[in-house]
Amino acid sequence: MVFPLSSSITLSFSPSTPKRHFLSTHFAFRFSQARSQENARPFQLKVQCKASKEAFVKDKSQCRNIPTSFNLSTLINGTMKLENVIAVILILAEITSPLPLAGWDFWSISPANAVLYSPETKLPRTGELALRRAIPANTNMKAIQDSLEDISYLLRIPQRKPYGTMEGNVKKALKIAVDGKDSILASIPADLREKGSTLYSSLVDGKGGLEALLKSIKDQDPDRVSVGLASSLDTVAELELLQAPGLSFLLPEQYLKYPRLTGRAIVELTIEKGDGSSFSPEAGGELRKTATIQVVLDGYSAPLTTGNFAKLVTDGAYDGTKLSCINQAIISENDTGKNGYSVPLEIMPSGQFEPLYKTTLSVQDGELPVLPLSVYGAVAMAHSEVSEEYSSPYQFFFYLYDKRNSGLGGISFEEGQFSVFGYITAGREILPQIKTGDIIKSAKLVEGRDRLVLPSEAKELLQKGSSP
C-alpha cells in the first residue's frame, strides 16, 4: 500500500561543516579504547511527514536542538500517488548519495567526516612490500618500483584484467631504467658498482626482468605475470639496497649514545614448545620439536630501536625467553634484569625523511608510518612501563594482524602508536601454533653485524648497568 505524503516534508540533519547547505552524515569510529565514548557523535538524520501545519508547529520543539533543517513543499497536496513515490525515492537517493539532486541549490558537497582521508589507501599489506618501500634509494629506482607495484593491485581485479594498463606500467618502468641508467649506477658506491651493473642488466633484459614481464603481459598469462613481477621487484629491492649503504639522515645529537643499526639486518629466532609437544610438519616433512622464524630489521626507518634489539640478540638476552599470547599479539616476557636501553618511541611517517621521536601518529588525520603495524608478522617494541614516550628496553611482540578486528581501510586501531622495527619474512606459518609458555630457544644475528654501531658512550653505559 502507498501512503500519500502530506503538504510538508522536513529533513533534519547535522552537517559536518556548519552553515553549509548540503546533506551530510557523520560517522564516529573507535581508534582507541580511551576515546571510544568521548568523541563518538551520533548520526543524526530525521525524516518527518506531517499531516498539517498545526501538527508541524506542535512538533517543532522536537527539532530545536538540530542545527539545520530543510523544508520541501510538494506540488500536489498528496493527491497523486506517483508523485509521492517519486518524492520518497528522491529523499532516499539524497540520503544515500553524496551527489546533489538536480534543481536543489547545493553548490558544495562536504565529504563525510571519517577517520581516514581515503579508505582505499595503499598501505603495505606484507612485510616484504613494507621493507621494500622503506629503502631510501635513487628516485629513478623508486619510480620504477612504484610503477611495478601498481601492477600488483591490477592483478587482483577478477575476470577481465587490465592488461593494457599493466603493459603501459612496464613500458614506463623500462623507459625510466634505460634513460636513467647512468643515474642509477652512479648512486651505488664504487666498490659495489660491478654488482650493481649485473643486477641492472638482469632487471632490464634478464630471465626474470622487465622484458620478460612485458611478454607475459602480452600473452595475458596472470600466473606468469605474477611470478615475473615478483622477480622484477626482488631485483629492484637488491639494487636499492646497494644504493643505501647507510642512513639518509643525521640522528639528533642526544641519541648518539644509543646503539644504532645503519641499514638492514636479519635475526633468526628458534622457537620450541614449552610443554614438550611438536610443531606441525612442513610440506612432506615430519613433526618438529623446534621451528625457526626469520625477522628482517629495518634500521633505515628505526635505527635506535633496531640497534637496541640487535645488541640484545648478540648478547644472548633473548635465549630462553618465554612467550605469551594476548590480543592479536605474541609478546615476550618483560625481564627488567636485561641490559637494554629505554629507547624513545621511534616512528618514521610516510613521506618524511627521518623518524619522529617520542611522538605517535594521528591516523585520523591521515598520518601513516613507513613501517605499518597493520601487517601480519610485524615486529614492534612494547611501551615502557614508565612512559609511553619510550619503548620497553627489552619486551617486544609479534603482531597478528586481523582485518576483521581493524578499523576503516583495514587499519589497526593501534596503528602509529608503537615502534615497529621489522617483519617476519620466513616462518609466519608457525605463528598460529605458538602458545603461551613456548620459549625462544635461541636468537641469532645472522646478517648485518657490520651495520650495528656501538658508540663508546653506549658501551660505558652498559658496563655501568645504567639505562638512559
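## A pocket and a barrel

Helix 9 gives the largest share of the lining of the largest pocket, eleven residues. Keep in mind that this is a predicted model.

So what else goes into that pocket? Its volume comes to about 1,000 Å³, and 37 residues line it. If you want to find its centre on screen, look for Glu128, Arg132, Asp234, Ala237 and Leu241, the lining residues that lie nearest to it. By type, the lining splits into 19 nonpolar, five polar and 13 charged residues.

The elements below each supply at least two residues of that lining.

| Element | Residues |
|---|---|
| Helix 3 | 127-133 |
| Helix 4 | 139-154 |
| Helix 7 | 193-205 |
| Helix 9 | 222-242 |
| Strand 5 | 264-272 |
| Strand 6 | 290-298 |

Strands 5 and 6 also turn up in the barrel, where eight strands close up in the order 5-6-13-11-12-8-7-14 with antiparallel pairing. From one strand to the next, the twist averages 35°. As background, strands of a sheet pair through backbone hydrogen bonds, either parallel or antiparallel.

For a close-up of one pair, take strand 11 (residues 378-383) and strand 12 (residues 391-399): they run antiparallel and are joined by five bridges. Which residue of strand 12 is the bridge partner of His383? That would be Ser391.

Then there's helix 10 (residues 303-314), which lies across strand 5, strand 6, strand 11, strand 12, strand 13 (419-426) and strand 14 (439-447). Helix 10 runs at about 115° to strand 14.

Notes: Residues are numbered from 1 along each chain as its sequence is written. This is a predicted model: local features need pLDDT of at least 70, side-chain atom pairs count only at pLDDT 80 or more; totals for chains, interfaces and linings use all residues. Side-chain values use heavy atoms; hydrogens and water are left out. On a 1 Å grid over the protein atoms alone, a cavity is a set of points where a 1.4 Å probe fits but cannot get out, and a pocket is an open set with protein on both sides within 12 Å along at least five of seven lines; lining residues have an atom within 4 Å of a point. Grid points are joined across faces, edges and corners, and a volume is the space filled by probe spheres set on the points. Helices (H or I, at least four residues) and strands (E, at least two) are DSSP runs, numbered from the N terminus. Ala, Val, Leu, Ile, Met, Phe, Trp, Tyr, Cys and Pro count as nonpolar, Asp, Glu, Lys and Arg as charged, and the others, Gly among them, as polar. Two strands pair if DSSP finds at least two bridges between them. Axes are lines fitted to C-alpha atoms, for helices over the stretch in contact, and angles run from 0 to 180 degrees between N-to-C directions. Contact means heavy atoms within 4.5 Å.
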